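Got the viewer open? Here is a short tour, with a selection to make at each stop and a note on what you'll find there.

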Protein chains: 2
Amino acid sequence: MASVSSEFERLGSETAWEGKIASVRVDRFRHEDGEEVEREIVSLHGAVAVVAHDDECIYLVRQPREPIGVPDLLELPAGKLDQEGEDALETGKRELAEEIGKAAEHWEHLQTYWSSPGFSDEEVHVYLATGLSDAEGETDEDERIDIEAWPLERLDELIEQCADGKSLVGLLELRRRL
Amino acid sequence: MASVSSEFERLGSETAWEGKIASVRVDRFRHEDGEEVEREIVSLHGAVAVVAHDDECIYLVRQPREPIGVPDLLELPAGKLDQEGEDALETGKRELAEEIGKAAEHWEHLQTYWSSPGFSDEEVHVYLATGLSDAEGETDEDERIDIEAWPLERLDELIEQCADGKSLVGLLELRRRL
């Protein structure tokens, strides 16, 4: 607690690794007081998650998440902002159709946050989608996804079982507004 | 939506990059139906965040987060699980003392979740700390941190301003329980 939060400037940036969905760079920064720090930064496209519900159910997905060794993690429908020229809301609409086969009449922005700002620039946008109907067109046949319709009246139980960051933010935000 | 969520086994793992706080590996997995997939996985120590409040205030920190270019991000007191042999609750107690100079009589586990299970194994533990008193001993002089005491009665406004994942989960969970 010696020093206050401060402005900083980036002195340099070095790409340490480049993958298909993520890359790592090591950047050097100088703070106002002259101190220089190095930061490992995992860079990614942002992501969008959608809280979609009607009077009875919240629509969720279960899918394998290999990085954490879980075969059926329960999550909000979501996807990466990886389509050129597509904004966050459009991505949310596309993912809702592809993952659970629904369109929504009403869209509301709930939150935008950084998932882990200490080491990553990943930003997550969370929307509320209501006025649901069956979406026209194709769902994405490549995705290994189960749809789960969860009773809205058991929202607290869902929150207690949920272990995915973006889904917790969305469901807890829904809970705050109900 | 062609296939259901499924068990999988890891076929191989290759370290792509090793840094000081993070490393990246590229793993191959085989699903039950025979399909093989490759995943880029950012591996980190887990983290702990603490919702600490008394009758009047929630105690937060502001600090520079270079990866996202923000000089004064508002967050819960938090830290990495990077001390050998220290469990999540002990880390929470240490960080509360180091970052805001407080000890707490009552500790309650609020949530444990994965911050971004699509690409990272980072797990975050969130605790509620009440019955606060001034902590004995030293705060961490190296940390570039401002303490901010936020009125508990303005919790909704805090949630609306907050843009940090772990802090949103903790504050929204507090809101659900109040």
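Select B:Tyr127 to begin. This is a predicted model, and in it B:Tyr127 is buried, because its relative accessible area is 11% and the cut-off for buried is under 20%. Now flip over to A:Tyr127 in the other chain: this residue also counts as buried, at 10% relative accessibility.

Keep A:Tyr127 on screen and look for its ring partner. A search of the whole structure turns up four aromatic pairs over all chains. One of them is A:Trp107 with A:Tyr127, an edge-to-face pair with 6.4 Å from centre to centre and 75° between the planes. The pair links distant parts of the chain: A:Trp107 belongs to strand E8 (residues 102-114) of chain A and A:Tyr127 to strand E9 (residues 123-134) of chain A, 20 residues apart.

Go back to chain B and add B:Trp107 to your selection. B:Trp107 and B:Tyr127 make an edge-to-face pair, with centres 6.4 Å apart and 75° between the planes. B:Trp107 sits in strand E8 (residues 102-114) of chain B and B:Tyr127 in strand E9 (residues 123-134) of chain B, so this pair ties together parts that are 20 residues apart in sequence.

Switch to cartoon and stay on those two strands. E8(B) and E9(B) run antiparallel and are joined by 11 bridges. Want one to click on? Pick B:Glu108, whose bridge partner in E9(B) is B:Leu128.

Next, widen the view to the sheet around them. Which order do the strands of this open sheet in chain B follow? The four strands go E7-E4-E9-E8, with mixed pairing. Strand E7 (78-80) and E8 of chain B stand at the edges with a single partner strand each, so one side of each has no neighbour in the sheet. On average, neighbouring strands of this sheet are turned by 20° against each other, direction ignored. Now show residues 88-100 of chain B: this is helix H1, which packs on the sheet and touches strand E4 (47-52), E7, E8 and E9 of chain B. The direction of helix H1 makes about 125° with that of E8(B).

Time for another aromatic stop. Select A:Trp150 and A:Arg154: the arginine lies over the face of the tryptophan, 4.7 Å from the ring centre. Then do likewise in chain B, where B:Arg154 lies over the face of B:Trp150, at 4.7 Å from the ring centre.

From B:Arg154, jump to B:Glu38. Their C-alpha atoms are separated by 46 Å, and the two residues are 116 residues apart along the chain. B:Glu38 lies in strand E3 (residues 36-44) of chain B and is partly exposed, with a relative accessible area of 38%. Leaving aside residues up to four places away in sequence, B:Glu38 touches A:Lys20, B:Val26, B:Asp27 and B:Arg28.

Now zoom out and colour by chain. How do the two chains relate? A turn of 180° and a shift of 0.0 Å along the axis lay chain B on chain A with an RMSD of 0.0 Å. That is the relation of a two-fold axis. The same surface serves both copies, as 100% of the contact residues of chain B recur in chain A.

Finish with chain A on its own. Chain A has three helices and 10 strands, in the pattern β-β-β-β-β-β-β-α-β-β-β-α-α along the sequence. The C-alpha trace of chain A spans about 55 × 35 × 30 Å along its principal axes, and 54% of its 178 residues count as buried.

Note on methods. Residues are numbered from 1 along each chain as its sequence is written. Chains are lettered from A and ligands numbered from 1 in the order in which they are written. This is a predicted model: local features need pLDDT of at least 70, side-chain atom pairs count only at pLDDT 80 or more; totals for chains, interfaces and linings use all residues. Side-chain values use heavy atoms; hydrogens and water are left out. Rings of Phe, Tyr and Trp (its six-membered ring) pair if their centres lie within 6.5 Å; planes under 30 degrees apart count as stacked, over 60 as edge-to-face and the rest as tilted. Buried means under 20% relative accessible area, exposed over 50%, partly exposed in between (1.4 Å probe, protein chains only). A charge sits over a ring if NZ of Lys or CZ of Arg is within 6 Å of the ring centre and within 35 degrees of the ring normal. Copies are superposed by least squares on the C-alpha atoms of residues with pLDDT of at least 70 in both. Contact means heavy atoms within 4.5 Å. Two strands pair if DSSP finds at least two bridges between them. Axes are lines fitted to C-alpha atoms, for helices over the stretch in contact, and angles run from 0 to 180 degrees between N-to-C directions.
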